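Got the viewer open? Let's take a walk through this one, a stop at a time.

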Amino acid sequence: MCTMRKRGLSSAVICTESFLKLASNQAKVFGVPDLHKIVIPHPLGGLTRDRVMERAAIVVPKLAAFIDELTGKAGVQDKGGA
Amino acid sequence: MSTAELRETLHVEGDYDAACDVIEQKGWSDGLPVVLPTTERVRAMLQYCDRPWEVPIGKIAPRYGHATPIRLAANAVMAGCRPEYFPLVMLAIEAICDEAFNLYSLQATTHNCSPLVIVNGPIAKELNINGGTGAFGPGRRSNATIGRAIRLAMLNIGGGTPGFGDMATMGSPAKYTYLVAENEAANPWEPLHVERGLPAQASAVTVIGAESPQNVNDHESTNAEGLLHTLAGSMRSLGINDNYHPLRAQPLVILSPEHARVMADGGYSKLDVKRYLHRHTQMRLGDFSPENIERRFRGKYEKYRNASLDEPILLGRDPEAILVAVIGGPGKHSAFVPTFGATTAVTRALKRHDGTFAGSVEEFRH
């Protein structure tokens, strides 16, 4: 995701709340500290299909909001590559 | 050779305890007190470095911090290393930074792996590294502190801090120090570094992204087949990472000298041992839980998508994937060392900066 972002592609990473620190640290390491992160409840592994669908239901509106930001619908522009 | 100076120093008011407190507060320790990395001690460590002090020998994930000799020397001092240990610290760091080792994943994973360093060649004797009784500890300064220096570098340079860059669910005692020598004198076969392509007189490290050793007790078997039966049974395990990376896994078997001798006397070469273990550690797809079958094996690997429940699950792609070392002293205990799975063992020879094999750490001294 960081590499895609550095190449100018808008991108976001989906992670659970328990891995947000790691994701934030790695985004800094790879030079894109403001990489967009979509955070979901932990865990993701070991879930039944229904529980995975619950996670997906959390992601979808957040992803839609991110895309709205990128397209200007929410009045916020992506800052582009670092 | 470098004439670079140690430019940046940290001044701490107070005594040893105060300095240790500062180091702990800055997150520069593994939790144990450290030897203070004074300018004099770091400079003494660098007396055993034959390359520029400020040129990285690798980048340590997940921070990808530059592993310069100066930084490594500070960590080696903090770990308690004698200066003559430093060439081996540098060599092990080079090895774990090899891309094939996959250090980023080893550091950041929830699995409890840590680099196991197996030392071969004359340097093991020169530095008094234990490969015999109690090789995994405690007791020897070389085993304890060289391994600890590697771990401190992974923390302080690599950023493998628990909860931030190291997400191991429960960690491992092997994350403090994990270094042994192979017991070459008691090995009935070729040593590990020779098997992996180096001359016998070379000194080398082999790094393996491993769990802690799991003991395999067999006091009763008097022949190779009996011992191998016990070993194979101990290696068939549903929950090890190696099962989940069947095309890449390199699980390690550590044979005690007495077990290895029985196998060799029974006519088994090291490759014969690997062949037996590879054949007899096979499990069936149906041995795993239904969700592991569906979600892990069928979902991830094309070859299992429509496979029957009798499809073999191999421990390693082929017999050669199983690593075998001979370590330890008298006794009837061998060990199985599961690995992270998504990692490849790396062997590196101790060489001078000009690329020639080094016969002694004294060749690095200046």
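For the first stop you need to know what counts as a helix: a DSSP run of H or I at least four residues long, numbered from the N terminus. Keep in mind along the way that this is a predicted model.

Select helix H3 of chain A, residues 49–71. At 1.5 Å a residue, its 23 residues should span 33 Å, and the end C-alpha atoms sit 32 Å apart, so the two agree. Now step just past H3(A) to Gly72(A), which takes a positive phi of about 90°.

Stay in chain A and go back to helix H2, residues 20–29, where you'll find Ala23(A). Is Ala23(A) buried or exposed? In between: it has 18 C-beta neighbours inside 10 Å, so it counts as partly exposed, since buried takes 20 or more. Which residues does Ala23(A) contact, leaving aside neighbours within four places in sequence? Pick out Val13(A), Cys15(A) and Lys37(A). If you put a distance on the C-alpha atoms of Ala23(A) and Lys37(A), you'll read 8.2 Å, for two residues 14 apart along the chain.

Next, show both chains and look at where they touch. Chain A puts six residues into the contact and chain B puts in nine. Colour the chain A side by type and you get three nonpolar residues, two polar and one charged.

Now hide chain A and zoom out on chain B. There are 12 helices and 12 strands to cycle through here. The radius of gyration of chain B is 21 Å, close to the 21 Å that the globule rule gives for 366 residues, so chain B is as compact as a globular protein of that length. Along the principal axes, its C-alpha atoms fill a box of roughly 65 × 45 × 35 Å. Of the 366 residues in chain B, 47% count as buried. Turn on a contact map, too: among contacts in chain B with a separation of 6 or more, 81% join residues 24 or more positions apart.

Last stop, the largest nonpolar core, with 101 residues. Select Ala76(B), Val89(B), Ala92(B) and Val207(B), the ones that touch the most other members. Then light up helix H4 of chain B, residues 86–96, which supplies the largest share of this core, nine residues.

Finish by centring on Val207(B). Which residues does Val207(B) touch, not counting those up to four places away in sequence? Ala92(B), Ala95(B) and Ile96(B) are among them, and so are Phe101(B), Pro115(B), Leu116(B) and Val117(B). Add Ala345(B) and Val346(B) to the selection to complete the set.

Note on methods
Residues are numbered from 1 along each chain as its sequence is written. Chains are lettered from A and ligands numbered from 1 in the order in which they are written. This is a predicted model: local features need pLDDT of at least 70, side-chain atom pairs count only at pLDDT 80 or more; totals for chains, interfaces and linings use all residues. A nonpolar core is a set of buried Ala, Val, Leu, Ile, Met, Phe, Trp, Tyr and Cys residues joined through C-beta atoms within 7 Å. A residue is buried if 20 or more other C-beta atoms lie within 10 Å of its own, exposed if 12 or fewer, and partly exposed in between; C-beta atoms are placed from the backbone. Helices (H or I, at least four residues) and strands (E, at least two) are DSSP runs, numbered from the N terminus. Two residues are in contact if their C-beta atoms, placed from the backbone, lie within 7 Å. Ala, Val, Leu, Ile, Met, Phe, Trp, Tyr, Cys and Pro count as nonpolar, Asp, Glu, Lys and Arg as charged, and the others, Gly among them, as polar. The radius of gyration is taken over C-alpha atoms; the globule rule is 2.2 Å times the number of residues to the power 0.38. The expected span of a helix is 1.5 Å times one less than its number of residues.
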